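Trainee: I would like to go through this model with you. Can we take it step by step?

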Amino acid sequence: MAPDRAWPTRRFTWVDGAWLAFAAANLVAMLVFSEWETVPFHFIWVSLTVLYGFRVWGTGRTAVTLVAVIVLTATFILIDVSRGEQPVDEITEVPLMSAMFVAMVWHARRRQSATEEMRRVYESNARLRERERQFIQDASHELRTPITVALGHAELIERGSRDPLIREDARVVVDELMRLRRLSDRLLLLAASEHPDFLQSRPMELDAALLETLRRWTPVPRRWSLGEVDDVTVRADPDRLELAIDALIENAVKHTTPEDSITLSVARKDGVAVVSVADSGSGIDPGDLDRIFDRFARLDPGRSRDGGGTGLGLAIVKTVAEAHGGTVTAHSEPGGGTVFDLALPAIAPNGSEDQHRRGRPRVVQPGPG
């Protein structure tokens, strides 16, 4: 390893020049004030050690400097000893201070090696993340066209065939292709979440968006209801946020039956807009709450792939929430239903933080099943 790579010290700098001048002055002081030669002697060695601690040199430069300082300080001590102004045992200070400097060299080089290793690991991880993101993005883009073509042909076969068995097989193909397209789209979204332009934010009225979302979902046979609805505005990307809310509702539908209820609400709480999706379904085990937002998480091992889940819905909710500076949390008990809260920073409607209205809870009749 080349030590100079981590510290920009290949060139002779003013710091090096200042230390040389300081060391030369202290060498002169060792002769002029020979009875106090210990003080300038230690000034030379301590300043050299401190300088090296901040400016790691290459092996050759370090060796030359160390030898030069040893020879010069030992020579000046011997001059004082020859004059009878210092005892001969003062020369033992030279190897002691040399050992101190060598210890600093060892410590500084260990620190430098650790820094270099951290930098390499960081750069390697950054390259891996970029390759992963690029792979997901390329794969998702490349999958879209063949999926769309295959889906169109499968739907034509389903509609045009008079054979019930062929129609049923075509229906399975259509369902699987739709599931594959959802998976591709969600992978592409997760890959795009690392881009600076992932969000195209603008003021968005959450109460209106929630009502529109509920209108789209009511054809699904559930006991739909609308809970508390505050007039709340957030700065968000409508497409991304509506996708996250849809993912929460889709998750609730998958874990409920037509007899279960799903309640949507939005409330302002201390300057935060909270969108809640509550269901009376099977619930989630407390031990699984920490990992439900992981990618490809499947908490119900008994649920077949026919349910259409990709394991990415809640991961997308978390990604979208964090991109907006918000959070998503879940509260659940086995058999007691689940409540998901999507919290986002709220902005004041019409310039007033206190102006908001509360809607009355309403029950929405389920659509045709």
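The exchange below covers confidence, a helix pair and two single residues.

Mentor: This is a predicted model, where local features need pLDDT of at least 70, side-chain atom pairs count only at pLDDT 80 or more, and totals for chains, interfaces and linings use all residues. Residues are numbered from 1 along each chain as its sequence is written, and side-chain values use heavy atoms, with hydrogens and water left out.

Trainee: In which strand is confidence lowest in the chain?

Mentor: Use pLDDT, the predictor's confidence in each residue, from 0 to 100. The chain mean is 81, and 86% of residues reach 70 or more. Confidence is highest in strand 5 (residues 272-279), at 94, and lowest, at a mean of 43, in strand 8 (residues 358-359).

Trainee: How many contacts beyond four places in sequence does the model have for residues 351-369?

Mentor: A contact means heavy atoms within 4.5 Å. Where pLDDT is low, predicted coordinates should not be read in detail. Over residues 351-369 the pLDDT stays under 50, and the contacts there number 40.

Trainee: Are helix 1 and helix 2 roughly parallel or roughly antiparallel?

Mentor: Helices are DSSP runs of H or I, at least four residues, and strands are runs of E, at least two, numbered from the N terminus. Helix 1 (residues 14-32) and helix 2 (residues 38-54) have axes 8 Å apart, at an angle of about 165°. Angles under 35 degrees count as roughly parallel, over 145 as roughly antiparallel, 65 to 115 as roughly perpendicular and the rest as oblique. So the two helices are roughly antiparallel.

Trainee: How many residues of the contact of helix 1 with helix 2 are nonpolar?

Mentor: Trp-19 and Phe-22 of helix 1 are among those in the contact, as are Phe-41 and Leu-48 of helix 2. Ala, Val, Leu, Ile, Met, Phe, Trp, Tyr, Cys and Pro count as nonpolar, Asp, Glu, Lys and Arg as charged, and the others, Gly among them, as polar. Two are polar, one is charged, and the nonpolar number 13.

Trainee: Is Arg-235 exposed or partly exposed?

Mentor: Arg-235 sits in strand 3 (residues 233-236). Buried means under 20% relative accessible area, exposed over 50%, and partly exposed in between (1.4 Å probe, protein chains only). At 48%, Arg-235 is therefore partly exposed.

Trainee: How far apart in space are Arg-235 and Ser-201, C-alpha to C-alpha?

Mentor: Arg-235 touches Ser-201, not counting residues up to four places away in sequence. They are 34 residues apart in sequence, and their C-alpha distance is 5.8 Å.

Trainee: What is phi of Asp-270?

Mentor: Asp-270 lies in the loop between strand 4 (261-269) and strand 5. Most residues other than glycine have a negative phi. Asp-270 has a positive phi, near 55°.

Terms used:
Axes fitted to C-alpha atoms, helices over the stretch in contact; angles between N-to-C directions.
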